[in-house]
Amino acid sequence: MSEATNNTQAIPAATSRLLLRAIDLSKRFPLSSGWWDRNPSFVHAVDGVSFDLMAGETLGIVGESGCGKTTTGRMLVRLAEPTEGQVLFENESGDLEDIAHLKGQPLKDFRRRAQMVFQDPYESMNPRRTIFDTVAEPLQVQKIGDHAERLERVSETLGLVGLTPPSSFLFRFPHELSGGQRQRVAIARALVMNPSFVVADEPTSMLDISIRTGIMQLMGELADRLGISYLYITHDLAVARYMCSRIAVMYLGKIVEMGETEEVLQNPVHPYTKALLSAVPVPDPEATRDPIDIKGSVSVPVDPLPRCRFYDRCPIADNFCRDNDHPPLQDKGSGRLAACYKA
Amino acid sequence: MTTDPVLAVDDLKMHYVTQAGVVRAVDGVSFSVERGQSLGLVGESGCGKSSIAMTLLKLLPDNARLVAGSIALNGIDLVPLSEDEMRPHRWDRISMVFQAAMNSLDPVYRVGDQIVEALEAHSSSAGRDAMERVRELFDLVSLDPSYILRYPHEYSGGMRQRAIIAMALACEPDIIIADEPTTALDVIVQDHILREMQTIQHSLEMSMIYISHDMAVIAEVCDVVGVMYAGKLVEFGPTADVYARPIHPYTRALMSAFPSVRGEKHELVTLPGEPPNLLDPPGGCAFNPRCAYATDECRTTAPPIVKRGDQWAACWNPSDE
Amino acid sequence: MATVNAQPAVPSSVWRARLRLASRSVRENWGLFVRTRIGLLGLAIIAMYALLAVAHPVLMSTVWEPRIYDPVIGYAFDETKQPAPPSLKHPLGTDPLGRDILSQLMFSARSEFLLGLLAATVTVVIGTSVGAIAAYFGGWVDTILMRLADIMIMMPAISVLIVLSALIGVEHFELALLIGILSGFGATGVVLKSQALSVVVKPYIDAARSAGGGHFHIILVHIVPNLLPLSFLYMMFTVTSAIFSEAVLSFLGLLNVRMSWGLMIHTTESAGYLLQVAEFWWLIFPASLSITLLCSAFYLVGRSLDEVVNPRLRSR
């Protein structure tokens with residue numbers, strides 16, 4: 001715990017105020033659910049993750065499938081309850097409050113301030129409900145406003161996300177809309193309660209390139225206009241480059257590197273980040289890149305050994321990495337954090 | 001280019017007949033692929049790029065109609081061939097790597113046995129010979145031979161895609177069509193597989209057609225690229241030329257909308273509107289409702305072909321950059 | 001933004017829009033239903049029997065003399081020999097006890113409908129709740145409900161009914177409840193749960209949770225509406241099985257009912273006419289044909305509904 005606290009303090013002093021602080025956040029899923037299984041194995045989906053998020057900032061979480069990025073996001077909006085750790089989140093009176101284990105009315109109140117946008121615009125809306133019903137649902141369950149006020153609020157929000165005129169969308173069904181329009185509806189649903197924090201889980205990965213840019217720009221504009229903070233989850237480093245001021249690279253449930261986006265992308269420190277970046281193709285036939293080969297493939301972190309998670313695949317690992325626990329996130333200069341003994 | 005192309009497609013038209021009307025999925029497409037060359041077809045979903053793949057292999061659903069055109073594979077036109085006449089060509093001369101790796105392998109049979117079965121259906125080699133060949137193929141795509149007798153669910157996503165590629169290579173075809181071969185894979189695995197495919201292609205002197213929505217993947221692996229929009233090729237040419245100096249406004253829009261991790265962080269430009277409905281595409285140039293340069297001609301008359309070296313585009317108002 | 005004053009306090013536009021959507025959906029689904037043909041056939045048969053059921057009390061109070069035509073205690077004094085073959089006065093003849101068969105048939109139709117629909121409603125209400133709750137909560141709730149389902153499916157229904165009718169006397173109402181409970185907690189619940197499982201993993205369930213929606217809201221607003229098409233389908237099939245079970249049980253004499261199609265056959269059988277079908281056909285055919293027709297009719301409607309709710313089954 002003390003180690004994690006040190007890490008978060010190592011982040012350079014914020015110019016704006018702190019909105020969210022994750023401290024040593026972990027989520028483990030039991031592999032066997034049998035009643036007679038006394039020693040079940042656990043998947044360590046997220047394993048001691050700590051970071052800060054400032055008000056109005058966009059933090060990217062990048063990594064390959066199975067690295068724990070989505071589980072991290074789900075814990076922050078309490079779609080999953082952390083197994084361990086704390087999530088301090090600014091409440092209405094401006095104080096930091098641990099929301100990791102909230103229940104009942106306090107949890108319901110928290111949900112007004114933290115929302116999520118999902119990856120799949122085709123599955124994230126109930127096909128039997130109109131756009132109005134979908135966007136108004138948060139207002140309805142939170143009992144905000146009467147019917148007329150909700151109608152107005154929904155129309156206003158649809159306008160905000162570029163679905164104009166709102167009246168031509170209100171009473172249509174999701175299947176009558178294109179993928180890009182649906183993702184705008186999903187954003188409207190997340191914003192209709194004026195949250196201060198939105199987890200965006202790969203919101204553009206299923207959209208075509210000509211549609212994707214519009215959604216990325218919309219999200220950026222909304223963040224500026226409404227002062228929203230995003231946790232932007234993506235596997236696409238190029239998208240993260242455009243959306244995020246800082247990024248955290250995750251590998252097997254751990255943050256292995258974190259820092260200013262451009263810094264991390266142009267000058268990675270951790271061997272995993274280097275390998276990941278070297279594998280990204282660039283849309284320029286003349287460009288040459290020098291791929292770093294790493295062995296094996298991503299495994300599932302079931303009861304991982306107490307050593308660096310990247311040890312098996314690391315090109316620079318040595319006996320020290322094998323014999324010691326996973327390295328802590330340490331400052332590698334100019335505010336860059338990396339979890340590596342060798343870097 | 002004096003050699004005969006491996007594959008020459010001329011004015012290919014394939015339409016789907018649906019309840020709502022006729023969908024012109026492939027609407028007059030012509031291109032050719034030389035031996036050893038790799039062609040990329042890039043475009044957004046619904047532009048007809050996957051339909052081209054299915055048409056080239058003549059693996060079409062019941063409601064598809066091959067309306068016009070020819071597909072010359074080594075000089076033999078595949079269009080008039082019956083299913084029986086097509087069989088010796090498919091997999092032997094032209095094969096395919098599908099998009100959804102999971103569904104291309106039968107979950108109840110071991111992977112090695114599936115490849116053996118494919119081999120036996122297409123050549124005289126049988127039994128021990130076939131198994132020996134599977135071992136060679138596994139080696140070629142860097143799969144551990146101990147996985148030959150395992151089931152697809154024991155494979156990771158990347159290994160499954162490798163097995164699919166091994167299967168496509170089994171009969172040493174002249175040309176392989178790869179439809180989004182790495183779309184579902186993580187970036188490191190994608191990189192490995194793309195590089196391996198290139199190595200294999202060069203060593204076997206095969207031709208490839210890569211079909212992808214990902215401009216970056218196409219840029220890395222293709223010599224020639226065709227940009228598709230609404231069932232038509234709108235621009236075609238050597239990859240380096242098309243990416244450096246796109247003629248068609250749609251190609252330019254794709255370039256400026258595509259983010260990159262390296263190089264200068266240029267501003268992303270949003271293309272207005274939505275891709276057209278192929279049931280009722282706009283008249284003239286199908287891109288005209290979204291095009292900043294559209295004129296009256298664009299709305300009424302099909303655009304002419306503009307050439308610049310080996311590169312061409314179908315546009316009324318080409319970039320003269 | 002529109003000024004608040006210009007807007008009416010109650011947005012009637014919302015209700016008008018919803019009404020328009022609902023009527024459009026009814027029109028579209030009716031169009032699909034009509035196109036299946038067999039559904040219309042089923043509906044026509046159901047309508048015919050409904051008409052018979054409604055007509056019975058009217059006939060009894062106008063043209064039919066209760067002393068003669070009462071389905072249970074009437075006696076055809078105008079016939080010399082019982083059972084009498086069809087005649088102008090008794091279009092389907094009389095039974096061995098001298099009662100008018102057409103009157104029995106029409107009188108029974110009503111209780112068959114009530115039985116079938118009650119059983120089906122109970123099934124669907126229980127099955128949908130069980131399916132939605134088991135799938136949504138999972139864990140021990142799911143385990144308990146599914147073990148209960150196993151018991152219901154294994155339950156020897158006939159033996160249970162014999163015991164129950166000996167103990168309390170089973171009538172139509174109890175039978176309907178029993179069938180509904182057996183099927184709702186049993187097979188129908190299991191089928192609807194597997195459907196619900198594909199709904200609970202959808203991101204819109206997560207979206208509803210992160211909006212602050214409680215369990216009740218999510219089950220009622222998101223899961224149940226997505227189960228209803230399938231529930232409705234099973235409702236039709238339950239009607240069929242309820243009518244059929246009733247016929248079997250009253251034929252065996254296990255039901256304590258005044259009159260039913262099964263009981264008509266039972267009467268024929270206990271009077272010893274069952275094996276003389278050729279000679280006394282009017283004793284068997286009207287009741288057995290009615291059971292077959294009405295069962296098939298609900299089945300046909302169910303099949304067409306299946307095509308309406310499952311686009312994959314639609315030809316073309």
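Colleague: Why is A:Asp303 called partly exposed?

Modeller: In this predicted model, A:Asp303 has a relative accessible area of 37%. Buried requires under 20% and exposed requires over 50%, so a value of 37% falls in between and A:Asp303 counts as partly exposed. The residue belongs to the loop between α11 (271–279) and α12 (319–323) of chain A.

Colleague: What is the phi of A:Asp303, which is not a glycine?

Modeller: The phi of A:Asp303 is positive, at about 40 degrees. A:Glu202, also not a glycine, has a positive phi of about 45 degrees; A:Glu202 sits in the loop between β7 (197–201) and α8 (209–226) of chain A.

Colleague: How do you know whether A:Glu202 is buried or exposed?

Modeller: The relative accessibility of A:Glu202 is 8%. The limit for a buried residue is under 20%, so A:Glu202 counts as buried.

Colleague: What makes the contact of B:Glu44 and B:Arg290 a salt bridge?

Modeller: The closest N and O atoms of B:Glu44 and B:Arg290 are 4.0 Å apart. The rule asks for a side-chain nitrogen of Lys or Arg within 4 Å of a carboxyl oxygen of Asp or Glu, and the pair is therefore accepted as a salt bridge. B:Glu44 is in the loop between β3 and α1 of chain B, while B:Arg290 is in the loop between α10 and α11 (296–300) of chain B, so the pair ties together parts 246 residues apart in sequence. B:Glu44 has 3% relative accessibility and counts as buried; B:Arg290, at 5%, counts as buried as well.

Colleague: Which residues do salt bridges that share partners join into one network?

Modeller: That network consists of A:Arg289, B:Asp191, B:Arg195 and B:Glu220. Within it, the side chains of B:Asp191 and A:Arg289 meet at 2.7 Å, N to O. Since the limit is 4 Å, this distance therefore satisfies the salt-bridge rule. Across the interface of chain B and chain A the rule finds two salt bridges, whereas the whole structure holds 40 over all chains.

Colleague: How do you know that B:Asp27 and B:Lys232 form a salt bridge?

Modeller: Their closest N and O atoms are 3.0 Å apart, and the rule accepts a separation within 4 Å. The pair links distant parts of the chain, with B:Asp27 in strand β2 (residues 21–33) and B:Lys232 in strand β10 of chain B, 205 residues apart. At a relative accessible area of 13%, B:Asp27 is buried, whereas B:Lys232, at 37%, is partly exposed.

Colleague: How is the area buried between chain B and chain A made up?

Modeller: The buried area is about 3,500 Å², and carbon and sulfur atoms give 57% of it. In chain B, the residues losing the most area to chain A are B:Ile188, B:Val261 and B:Arg262, together 20% of what that side buries. The contact takes 36 residues from chain B and 37 residues from chain A.

Colleague: Why are β6 and β11 of chain B said to stand at the edges?

Modeller: The open sheet has eight strands in the order β6-β7-β8-β3-β9-β10-β12-β11 (chain B), with mixed pairing. β6 (94–97) and β11 (305–308) each have a single partner strand, so one side of each is left without a neighbour in the sheet. Neighbouring strands are turned by 20 degrees against each other on average, direction ignored.

Colleague: How do you know that strands β3 and β8 of chain B pair?

Modeller: Pairing requires at least two bridges between the strands. Strands β3 (residues 38–42) and β8 (residues 207–212) of chain B have five bridges, in the parallel sense, and they therefore count as paired. One of these bridges has B:Leu41 with B:Ile211 as its partner in β8(B). Helix α1 (residues 49–56) of chain B packs on the sheet, and its direction makes about 145 degrees with that of β8(B).

Colleague: Which residues touch the most other members of the largest nonpolar core?

Modeller: They are B:Leu7, B:Phe31, B:Leu56 and B:Ile209, in a core of 100 residues. Helix α6 (residues 157–169) of chain B gives the most to this core, with eight residues. Beyond its neighbours within four places in sequence, B:Phe31 is in contact with residues including B:Leu7, B:Leu56 and B:Ile209.

Key: Residues are numbered from 1 along each chain as its sequence is written. Chains are lettered from A and ligands numbered from 1 in the order in which they are written. This is a predicted model: local features need pLDDT of at least 70, side-chain atom pairs count only at pLDDT 80 or more; totals for chains, interfaces and linings use all residues. Side-chain values use heavy atoms; hydrogens and water are left out. Helices (H or I, at least four residues) and strands (E, at least two) are DSSP runs, numbered from the N terminus. Axes are lines fitted to C-alpha atoms, for helices over the stretch in contact, and angles run from 0 to 180 degrees between N-to-C directions. Contact means heavy atoms within 4.5 Å. A nonpolar core is a set of buried Ala, Val, Leu, Ile, Met, Phe, Trp, Tyr and Cys residues joined through side-chain atoms within 4.5 Å. Buried means under 20% relative accessible area, exposed over 50%, partly exposed in between (1.4 Å probe, protein chains only). Buried area is the accessible area (1.4 Å probe) that two parts lose on being put together, summed over both.
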